[in-house]
Amino acid sequence: MWRKLRMAINMELDWSSNTGLFSPPISPSHPGEGLVLRPLHTADLNRGFYKVLSQLTLAGDVTPEEFIKNFEHMKKTGDYYIIVVEDTNLGQIVATATLIREHKFIHACAKRGRVEEVVVSDVCRGKQLGKLLVSTLTLLSKKLDCYKITLECAPKNVAFYKKFGYTASDETYMQCRFFE
């Protein structure tokens with residue numbers, strides 16, 4: 001699945017339908033000087049993956065064994081598409097986002113895409129990496145035949161996501177947290 005994801009990122013996505021504008025131009029195959037957009041690897045645990053995630057939310061303390069077990073589970077299901085941007089000069093992950101494909105009974109057993117955990121390291125903000133991640137996962141969900149793609153965002157980020165064709169829905173997001 002990860003190999004398939006790498007191929008889709010670099011060659012198979014139809015960028016002609018992308019609504020996000022990039023100035024200067026960047027793409028999955030050319031995200032910027034010294035940067036590489038690719039699927040998550042197990043070695044990324046030691047390349048600052050959790051450091052980036054912690055800029056979004058409480059990432060927690062995870063052992064290498066826990067990380068690898070969860071990574072292998074996600075990879076095996078074939079429904080998790082976790083992409084990262086690595087700064088190859090630093091050997092560090094500087095951005096990440098996740099697409100989860102949900103299988104539904106509605107819409108004739110269709111699939112729904114859900115974007116989660118979009119975060120760009122504070123040292124790399126302003127380089128259009130968030131736009132690149134969202135564009136890539138949005139186009140990937142279309143390629144994976146999802147009938148829709150959704151995401152949750154803070155009100156201050158609504159304008160950002162509208163650039164990619166996302167609109168507010170009438171559905172109300174609610175939650176019941178068991179852990180902080």
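Buried means under 20% relative accessible area, exposed means over 50%, and partly exposed lies in between. The legends below use these words for a predicted model.

**Figure 1. Arginine 114 and glutamate 102 form a salt bridge between two strands.** At 19% relative accessibility, arginine 114 falls under the 20% limit and therefore counts as buried. Its partner, glutamate 102, is also buried, with a relative accessible area of 17%. The closest N and O atoms of the two residues are 1.8 Å apart. Arginine 114 belongs to strand β4 (residues 111-120), whereas glutamate 102 belongs to strand β3 (residues 92-103), so the salt bridge ties together parts that are 12 residues apart in sequence. Salt bridges that share partners join this pair with Lys104, Arg112 and Glu116 into one network. Side chains of opposite charge can pair when their charged atoms come close.

**Figure 2. Arginine 38 forms salt bridges with aspartate 44 and glutamate 86.** In the salt bridge with aspartate 44, the distance from N to O is 2.6 Å. In the salt bridge with glutamate 86, the closest N and O atoms are 3.0 Å apart. The pair of glutamate 86 and arginine 38 links distant parts of the chain, for glutamate 86 is in strand β2 (residues 80-87) and arginine 38 is in strand β1 (residues 35-39), 48 residues apart. Are these residues buried or exposed? Arginine 38 has a relative accessible area of 4% and is therefore buried. Aspartate 44 is buried as well, and glutamate 86, at 12% relative accessibility, also counts as buried. In the whole model, the count of salt bridges comes to nine.

**Figure 3. The second largest pocket is lined by residues that include parts of α5 and β5.** This pocket has a volume of about 220 Å³. Which elements each supply at least two residues of its lining? They are helix α5 (129-143) and strand β5 (146-151). Among the lining residues are Ser17, Asn18 and Thr19, together with Thr138, Leu139, Cys146, Tyr147 and Phe164. The lining also includes Lys142 and Lys148. By class, the lining of the second largest pocket has five nonpolar, five polar and two charged residues.

**Figure 4. Glycine 60 lies in the loop between α2 and α3.** The helices on either side of this loop are α2 (49-53) and α3 (64-77). Glycine 60 has a relative accessible area of 41%, a value between the limits of 20% and 50%, and therefore it counts as partly exposed. Tyrosine 50 is 10 residues away from glycine 60 in sequence, and the C-alpha atoms of the two residues are 8.3 Å apart in space.

**Figure 5. The whole chain contains six helices and five strands.** Along the sequence, these elements follow the pattern α-β-α-α-β-β-α-β-α-β-α. The radius of gyration is 16 Å, close to the 16 Å that the globule rule gives for 180 residues, so the chain is as compact as a globular protein of that length. Along the principal axes, the C-alpha atoms fill a box of roughly 45 × 40 × 35 Å. Of the 180 residues, 42% count as buried. Among contacts between residues at least 6 apart in sequence, 68% join residues at least 24 apart.

Definitions and conventions:
Residues numbered from 1 in each chain as written. Predicted model: local features only at pLDDT ≥ 70, side-chain atom pairs only at ≥ 80, totals over all residues. Heavy atoms only, no water. 1 Å grid on protein atoms, 1.4 Å probe; cavity = no way out; pocket = protein on both sides within 12 Å on 5 of 7 lines; lining within 4 Å. Points joined across faces, edges and corners; volume = space filled by probe spheres on them. Helix = DSSP H or I, 4+ residues; strand = E, 2+ residues; numbered from the N terminus. Nonpolar A, V, L, I, M, F, W, Y, C, P; charged D, E, K, R; others polar. Salt bridge = Lys/Arg side-chain N within 4 Å of Asp/Glu carboxyl O. Buried < 20%, exposed > 50% of the residue type's maximum accessible area, 1.4 Å probe, protein only. Rg over C-alpha atoms; globule rule 2.2 N^0.38 Å. Contact = heavy atoms within 4.5 Å.
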